[in-house]
Each structure stands twice: as structure tokens, then as C-alpha cells.
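Student: I would like to go through this model by asking, for each label, what justifies it. Could we set each value against its definition as we go?

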Amino acid sequence: MRSLRKSTLILTLLAVACIVVLLVAIIINVHGLSMSAERSTNSYLRDVARQSAQVIEERLNGLVNSLRIIGDSMAHRDPQDVVGNEEFLSRKRNTSEFDALAYVSINGRALMVDEDGHFSTSDAILDRYAHSEALAETLSGKTTAGFYGDYIAFMDPIYDGDEISGVMIGVRAKTRLQNMLVNDAFDGRGFTFIIDQYGDILVRPMADDTLAGISGFLNQAVNDFAAEAEAQRNAGEEVNALDITLDTDQGTAMLLDYQALDLFDWAVVTMVAEDFLSHEVGMYMTNIVITLVVLMVIFMVMFIVLIFMQNRYQNRLESVAFADSLTGGMSLIRFQMLAEPRIQKDPEGAYALVTLNVKRFKMINRLGGSHEGDDLLRRIYRVLEENLIDDSELVAHDMADNFILLLRNNDEAELRERLGNIADDIGSISTVLPVHTSQGVYVANDADVDMIAFMDRANMARMSKADDYHSSLVFYDDDFVKQQEERVRLIGMIEQGLENDEFLVYLQPKVSPTEKRVIGAEALVRWKHPEQGMIGPNIFIPLCEQNDLIGELDEYVFEKVCKQIAEWQKKGWDPGVISVNVSGLQLKDIDFIKRYRAIADKYGVDPSMIELELTESVMFSDTEIIEAKNVLDKIHEYGFRCSMDDFGSGYSALGLLQELPIDCLKLDRSFFTGVVDNRRAQIIIEMIIRLAKRLHIHTVAEGIETDKQFAILRNMGCDMIQGFFFSPPLPMDEYADMVFVKGEIYNKKGTSNRGH
Ligand code: C2E
Ligand code: MG
Ligand code: MG
């Protein structure tokens, strides 16, 4: 859990770091971009300035040319034809680009059509222009331009041969010139104007708003600029362009370019804000940055929401995975997570791992209902919890009826006592059946901590006594390991024994107390080991059951019985009904019944002469009633009889008897141990026998050893008696000799002979 939170934190930090890096990268790039934009502004400005200068120069040249043509025509006209000349000028004024036209001859004659189309006298014209420096200059052969209020007058000399005969003057309103300076290449952030050789501004663009703010520095700039140009000119350099960065009053840095014109010693100056391009780039960049920041914020919000949701999901998952839904306690996963580091910290046998299971829990569930079963598990969990000494100990509920404990281990005897007390506490919980538990203990003293392996060991120890009726407690210790090794050795020997035909079938007679004769027998397996002698089934049957050898062994016994019956029948002897034991494990594959029938058929034995014994615990515990019924039906389908063995050894659920179609009920030996002096026991046995009779079920009393026991059971109406009172299990030939040849068991007087 903690590591998950940590990874979330790392993830968040990583995301924030990514965003910071991204932002820094964007800022660096934006900066680089605006720098490069500024650099581009320089060359852009120069291009625009060059073009503007070119356009202006062409226009001015155009004006001068048209003035020259008018002047030439004027020179060839008759000076006396005043009316004709006036008409000529008036026409030219209308068709040319000039607002007024004037002609001044070298001898002082003048004619003019002014801005309003009126004709002026020579005196008025000379008044206006005679004193101008420009006129004097023009008369010396230079084309000039001069300013007069809102007007600009272009003057061009008129030649008569090589001699100057006069001057042609074309007047144009300043505003019309200003139109030429309109420069839309800069989006209003730059402008063009014309200066003279002294740096005085001749024509300004009309966008006076823009100029208003910078007028303060403009003159100075232009003067500086002119000074620079002058210096360059003096140094013999060509003055055509100059970049000057100016700081305006408003703090706007401007770039300035100078383009000298071939005409009038004028120059075109173009100015643009230094950040003209970068400003635009910056605007786009700002948009991009804003978009990115918004996106990042959205991304962050989504990220945070995602982490929040993931954490919530995580918490839910943890509560599902870490809490046990049934008991509300700890789950196995949580237990393992907590237990492992504790054991790791102190692996020298400081902790013991205990697995605990409720014996016959399925039966409790079946009899009491799952509600009762669940309730029992909750109460057990509480008992276990109450038995923990401190927080270093743990308990968890695993699947079904399994529990697991981590206990501090100081001393084995103490641990045994604690676990004994726990078993007692659980045993005192009242429910449909007495509650017994199987416990397995593994004291963790392995430096290599492996929870799964430790649990397996505890479970292995626990399972070794899981079939016992009463509560069991097994330590996985050296003795246990030795026993397990011994078991493995024994299993090998059993397999060998089956191959070598070392197993024998003994028969123990079942006697009818009323008919006073042997009416059947039970086949019981024996192992005649070549070195160890006779070994009883209680030693090797449980081992066979744990290793799937039991099927083989049971079939072996069954076949020997069939063979024997066939032999005896051939001799004309009637063996009655012979019962064979069938392990509960065989029921997992009920096809064995089919095989048994095939074996019986092989020996020509009627299956109704054979009874299959199933123990009470098999029918009542692990299988559901319906499954037990299926098995019994199948047994009957194949013609065999069927009995319930060891009835009374565990939980004798009388009520279930009527549900199971058995032919015979074998009452366990434990019923009869104290029966002679115990009236209550007698009543119970009698009731069972009566109940069985009403259900048409035969009864066999097992382990009858004394005549008193025999007498009681005979009087109760028990159908058959089996026990040492008549005979122990005998080898088949001895059995035949005693039962068929000598007829020793019930002599003619009606008293019994005790067997060997
Ligand atoms: P079980 O089927 O209940 O067999 C009766 C057991 O009681 C037999 O023990 C028998 O020798 C013993 N017995 C009979 N009369 C008396 C008596 O008067 N006093 C005492 N103290 N004991 C008596 P055994 O032969 O040692 O068999 C033990 C158990 O082993 C059997 O109990 C049965 O569950 C199992 N078993 C025996 N043979 C086989 C077999 O072939 N297959 C399977 N699956 N189990 C077998
Ligand atoms: Mg039996
Ligand atoms: Mg029995």
C-alpha cells in the first residue's frame, strides 16, 4: 500500500518535472524566435525602405519629366500670344499632376496658372518665386524643389540651345506628396518620410498620430543620422543606408533606414519599431504559450483527478483484498504481507505459523445451514483474536473454514498449551455438532523466509491428523519430518507388497442370533510382510488413502473375495453375503462400481451376494446427501448391496438414515463398550435398531466380545452379530474349515464358541 502511494508521488513529481521542462523549452524557443524575428526585421526594413525610395524616386522623376516636357513646349511658344499661352498652361495644369504651373523667362517675363486655375501677372509670380534660392539655383542649370507653405514647387531650367532661356515651375500640394509616403508594409508601426541633405524633414507621412508620439526624438534622430551621413560622405563613402536604433520617448526601440535619392539631394528615411516582427511573433507565441498553459492545466487537472480516482479505486481494492468479507477481519493476503517482514526480522524461531481448520465443517453447514456455518466461522475468528497476546501476533480467515495465526513462540510446551486452550475455546462454541479443529504448527526458524512454504508445512502437519474425529494439533518438527519419511518408505513397501501379492484377505463371520448360523462375513485386508510379519489395516489403509493406492488395494480384496465365493459355490457351500470395505476416496470415481461388476461377472458371482461397506463419515461429511444417494443408487443399479459402516463412531445423524437407501447398518463397536451397565445407551441402541427395521434396513453389531453384549443385542432384535465373541477375522481356508466343514460357531445347543 505504502509503495503504491510512493509510486503515485513519484509519478506526480515526474509529471510536474515534465511540465516545467516543457515550459522552459517553450520559453527558450520563444526567446530564440523573437531574436531571430528582430534580426529579420532589419533586413525586412531595408527591403521596404529600398522599395519606398525607388517608388518615390520614380514618381519624382516622372513629375520632373512631365515638367520638362511642358517647359520645352512653353519655350517654343510665341511669347506675344498671351491668351494662347494662358490657355496652353491651363490645359497642361488640368492634364498634368501639378496643381499650379508657372513659366518664368530669363528676361523676367512670367505667366502662371495657380492652384485655383486663375492666371497671375508676372509681378505676382516673381513676388512668389523671385527671391527663392531655388529659382536662382535653377537658373544656374539645376533642377530644384522648394517648399512654400503647403506647396512644393519643382523647378526645371528650360534651354534654348545651350543657353538657359527660362524656368518651368510645377507646384504640387504637399498632401499629394504625402500620399506617396503611405507605407502599409508595417501595419502602422513604421513610416517613411523625406529629408533634405541637412536632415530637415521635407515630407512627413500623414499618419500624424504615430509621428506625434515620436516627434520629440525625430528631429534629433534625423540630425544624428544626417551628421553620420555627412561624415560618411566626407570620408568618401557612399551614403545610402544606415540602421540606427533609437529609443523613443515611449521607450519604443525603432530601426531607421536611409536611402539617398538621386534627386534634389533628398533622402528617404524609413522607420519601424524594432520589435515589429518579434512583436507579432511574440503575439502568436503568447497565444501558443497561453494555449499550452491551458492545456497543461487541463492535463494536470485530469492527471490529479486520475490519481485521485486511482487512489480511491486502490483503497477500495485494498479494502476488498485486505479485509475478509465474512469475519470482517484480516484477509490472508494482508496476513502474508504483515507476517513476512515480522518473521524476517526475527527468523530464529521467534514466531510460529499455525493453520487451523474446522473438522467436518461441511457437515455443520449441511445440518445447520450455511448461516450457522458462517456464524461459527465468525465466532471462531473472534476466539482466535481474543487469544492473541499483543499486536505482534496476527490472525486471518482464509478460504472456507481455514484460519491462520502468527503467534510469538517462546517455548513449545507453552505454545501447545495456548493452542490447546484455543481448541477448547472453539470447542465450547455451541452449534449443531461439537466443534473440533485440526491445527498444524510450523515454528519459523528458517533464515530464508517463504510464507507459502511455511504455510504448506503447517498445513502438511495439520492434514496428517485431519481425519481424526477429535481436535488435533501437529507440529511440523523433526519428528514429523521423520514420520513423513517413514510414510514415504512405507508407501514404497505397500506398492511392492501389492506387486508381490503380500496382501491377504481375512474373513470375519456375521452371525444371525435368531437363526443361530453364520449368514455372511466381512472381508478385511491383512498385510503379511516378509520381514515385519502381519501388519493391520489401520497402519497402511490411511497411507494408501493418501496416495491413491487405496483403489488398487480395494479392488484386489474385492477380486479375491469374488474368486473365493466362486470356489466355495462350486463346492456347494453357501457363503451368504460377504461384505467388502470401500474407501470413501473411491467415490470420486464411481465408475469403480462398473469395474467391480465386471469382476463379479468374470467369476460368475451374483452381485447380490456382495455388500459394499461405506463408512458413516464418507456418507455424512464431504459429500452432499444427494451425491451419497447417487452412489448408493449406482451400487444398487449394478446389483450390489450396500451398508453403512461404523455408524455411531462419529456424528450419527439418525435423521439422514431415511434419506439414504442402504441395505444394512453396521453399528460401531464404540456403542457397545459400556452398554451392559448403561441403560441409556441400551435405549439409544434399541431405538436405532427399531428405526432401521422400520426403514427395512438390516443391522449388524460390530465388535461384540462378550456374551452379555450378545444377549442384549439379540434381545433388541439386532439382525447380525460380528465380533470376537464368535470369531476374529480368519484366513479364508480357516474360515471355510470352521464355518462350512466343522460348523463350529453355533453348536447344536445354541451356545456360541468364542473364536481365536
Ligand atoms: P471395519 O470395517 O469397521 O472393520 C471392523 C474392524 O473391527 C476390523 O479391524 C476387525 O478386526 C475389528 N473387530 C471385529 N470384531 C472385533 C471385536 O470384537 N473387538 C475388537 N476390538 N475389534 C474387532 P481391522 O481388520 O483391523 O480393520 C480396521 C479397519 O480397516 C476396518 O474397520 C476398515 O475400515 C478398514 N479396512 C479393513 N480392510 C479394508 C479393505 O479391504 N479396504 C478398506 N478400504 N478398508 C479396510
Ligand atoms: Mg467394515
Ligand atoms: Mg466397522
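Student: Which element gives the most to the shell around ligand 1?

Tutor: Strand 18 does, with four residues, where strands are DSSP runs of E with at least two residues, helices are runs of H or I with at least four, and both are numbered from the N terminus. This is a predicted model, in which local features need pLDDT of at least 70 and side-chain atom pairs count only at pLDDT 80 or more, while totals for chains, interfaces and linings use all residues. Residues are numbered from 1 along each chain as its sequence is written, chains are lettered from A and ligands numbered from 1 in the order in which they are written, and side-chain values use heavy atoms, with hydrogens and water left out.

Student: What makes the contact between glutamate 522 and ligand 1 a polar one?

Tutor: A polar contact is a pair of N or O atoms within 3.5 Å (within protein, one must be able to donate a hydrogen and the other to accept it, and residues adjacent in sequence count only if both atoms are side-chain atoms). A polar side-chain atom of glutamate 522 lies 2.8 Å from an oxygen atom of ligand 1, and an N or O atom in the side chain of aspartate 645 is likewise 2.8 Å from an oxygen atom of the ligand, so both pairs satisfy the cut-off.

Student: Which residues coordinate the magnesium ion (ligand 2), and what makes them donors?

Tutor: They are Glu522 (OE), Asn581 (OD1), Glu613 (OE) and Asp645 (OD), at 2.0 to 2.2 Å. Donors are N, O and S atoms within 2.8 Å of the metal (3.2 Å for Na, K and Ca), and because water is not among the atoms, sites may look incomplete. Aspartate 645 also coordinates the magnesium ion (ligand 3), which is 4.0 Å from ligand 2. Asparagine 581 lies in strand 20 and glutamate 613 in strand 21, so the pair ties together parts that are 32 residues apart in sequence.

Student: Why is glutamate 613 called buried, and asparagine 581 partly exposed?

Tutor: Buried means under 20% relative accessible area, exposed over 50%, and partly exposed in between (1.4 Å probe, protein chains only). Glutamate 613 has 1%, so it is buried, whereas asparagine 581, at 26%, is partly exposed.

Student: How do you know that cysteine 664 is in no disulfide with cysteine 718?

Tutor: A disulfide is a pair of cysteine sulfur atoms within 2.5 Å. The closest cysteine sulfur to that of cysteine 664 is in cysteine 718, 8.6 Å away, and therefore too far for a bond. By this rule the count comes to zero disulfides.
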